[in-house]
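Here is a walk through one protein model, taken a piece at a time. Keep the picture open while you read.

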Amino acid sequence: MKILLLYYTGTFNTRFLSNKLKERFESMGDIVTLHEIDPSKTYRLDYSEYDMVGIGYPIYGFAAPWPFLKFIRHQHFPKHLKMFIYKNSGETYHDNDASSMFVLRDLRLKRVDVQNEYHFGMPYNIHFKYEDNFVREQLYMNEKLMDILVYEVKNGIRNLLPYKLKTRLVTGSVARLQYIGGDVNSFFYKVDKDKCIGCDLCIKQCPMHNIYRNEQGEIRFHHHCLMCMRCSMRCPKDAIWIGFLDSWGWRVNGAYNLKKIEQQEYKPVISEKTEGFYECYYESFTRINLRHAELFGGDTETPKAILESIKQKEKQKHGMVYKLLRLMFKKIDMTAD
Ligand SMILES: Cc1cc2nc3c(=O)[nH]c(=O)nc-3n(C[C@H](O)[C@H](O)[C@H](O)COP(=O)(O)O)c2cc1C
Ligand code: SF4
Ligand code: SF4
């Protein structure tokens, strides 16, 4: 198969995943082309030579990032082109399930045949930093999810995520805020002069050329920000104040060394005792284990029983408003288990 992997990335987690997927497909004899969307330009690609296109994005505010959606809207795809979606985000809560809602609507209008969708867990680039041992587990489980993805895509097994009304409402209401969020927030960005060493990395790396020096040589921001977090995450001195997000303490500084982390010994962190923020991973990892066992052999009864007990617990638990508040304000020390 000739495959195109088309993706948008802010802090390179999606790039990391895309490279992994490319290796996977190539090891099965497929020919893979990678294309990273340049959000500062408006352009079209030629899709006529591909049998399959995989589109990848990080979830922003329970939805696909605005520059990604804009890019997809601008494309002319051949009718009935086969596609799959590989999205990723910091949490695997079901609130993220319908994040491709608007992308899918556009693709269906363009008569593209979207057959599969997969949600990968990757470390947060906003909110708070994940510990390496948990990131190791995410990467380990992502390998299993890639086994599933490659198998299903190559064998034409359709597998789309459920788009329940509740998750559609979440995406529908928050997505539009995200479309203007960066532009508004960038009015409040500033650089701490005492910390800044003038390396200009932020200026060079901003995908929107949104950062510049004024005549006095001070770093300033235009208002074409995507809220991708690349500047604040990769600033070597943690000198960038990212507006109202910072007021909530929602900043991650220091890139994850994913290549190094994946070499570390794997020790599971998530278990039935995991509570709070990371709880969603117990369910999503179990789902991956179940599907993996169904396709490649292994124990299916244990994951099925776990999923049933999670469902029962969920029924007795809090509503969504409480869940959202908890996501915003609570960081559970996962080593407590
Ligand atoms: C503006 C913004 C909003 C985000 N919103 C969500 C979200 O709603 N749910 C989530 O699980 N992760 C969210 N994240 C985290 C990213 O999806 C996650 O860290 C992703 O791996 C980043 O990928 P990238 O490095 O390719 O940009 C958000 C990140 C940013 C910058
Ligand atoms: S990356 Fe950080 S230290 Fe370097 S110029 Fe930008 S703000 Fe200053
Ligand atoms: S200013 Fe920072 S957050 Fe905004 S687009 Fe540029 S690198 Fe991304």
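## The overall build

Let's start with some vocabulary: helices and strands here are runs assigned by DSSP, with at least four residues for a helix and at least two for a strand, and they are numbered from the N terminus. Counted that way, the protein has twelve helices and nine strands. Bear in mind that this is a predicted model.

How does the radius of gyration fit with a compact globule? For 337 residues, a compact globule would come out near 20 Å, and the protein has 20 Å, so the two agree. The C-alpha trace spans about 65 × 50 × 40 Å along its principal axes. Of the 337 residues, 38% are buried. Now look at contacts between residues at least 6 apart in sequence: 78% of them join residues at least 24 apart.

## Three domains

The chain is divided into domain 1 (2–166), domain 2 (189–247) and domain 3 (270–336). The centres of domain 1 and domain 2, taken over C-alpha atoms, are 28 Å apart. Where these two touch, domain 1 gives nine residues and domain 2 gives ten. On the domain 1 side of that contact you'll find five nonpolar residues, four polar ones and no charged ones.

## Helix α1

Try a quick check on helix α1, which covers residues 13–27. It has 15 residues, and at 1.5 Å a residue it should span 21 Å; its end C-alpha atoms are 21 Å apart, so the expectation holds up. Which residues of α1 are buried? They include N13, T14, F16 and L17, along with S18, L21 and F25. After α1 comes G29, with a positive phi near 95°.

## Around ligand 1

Ligand 1 has 23 residues around it, and the nearest are G10, N13, T14, P58 and S89. The elements that give two or more residues to this shell are α1 and β4 (82–89). You've already met N13 and T14 as buried residues of α1.

Sort the shell by class and you get eleven nonpolar residues, eleven polar ones and one charged. Which domains does the shell draw on? It takes at least three residues from each of domain 1 (2–166) and domain 2 (189–247).

## Around ligands 2 and 3

Next up is ligand 2, surrounded by 14 residues, with C196, C199, L201, C202 and C235 the closest. That shell has eleven nonpolar residues, one polar and two charged.

Ligand 3 is surrounded by 14 residues too. The closest ones are C206, C225, C228, R230 and C231. By class, the shell around ligand 3 holds eleven nonpolar, two polar and one charged.

## Two residues with a positive phi

Most residues other than glycine have a negative phi. Find H209 and you'll see an exception: phi there is near 50°, a positive value in a residue other than glycine. H209 sits in the loop between α6 (201–205) and β7 (211–213). Is H209 buried or exposed? With 11 other C-beta atoms within 10 Å, H209 is exposed, because the cut-off for exposed is 12 or fewer.

M227 isn't a glycine either, yet its phi is positive, about 60°. Look for M227 in the loop between β8 (219–221) and α7 (230–234). M227 has 22 other C-beta atoms within 10 Å, so it counts as buried, the cut-off being 20 or more.

## A pair of buried loop residues

Now find S100, in the loop between β4 and α3 (101–109). It has 27 C-beta neighbours inside 10 Å and so counts as buried. Leaving out residues up to four places away in sequence, S100 touches A64, I85, K87 and E117. S100 and Y57 are 43 residues apart in sequence, while their C-alpha atoms are 9.4 Å apart in space.

One of those partners, A64, belongs to the loop between β3 (52–58) and α2 (66–74). With 28 C-beta neighbours inside 10 Å, A64 also counts as buried. Its contacts, not counting neighbours within four places in sequence, are Y57, L69, S99, S100, F102 and V103. Finally, A64 and Q178 are 114 residues apart along the chain, and their C-alpha atoms are separated by 9.4 Å.

Key
Residues numbered from 1 in each chain as written. Chains lettered and ligands numbered in written order. Predicted model: local features only at pLDDT ≥ 70, side-chain atom pairs only at ≥ 80, totals over all residues. Near = placed C-beta within 6 Å. Nonpolar A, V, L, I, M, F, W, Y, C, P; charged D, E, K, R; others polar. Expected span 1.5 Å × (residues − 1). Domains from an automatic or database assignment. Rg over C-alpha atoms; globule rule 2.2 N^0.38 Å. Contact = placed C-beta atoms within 7 Å.
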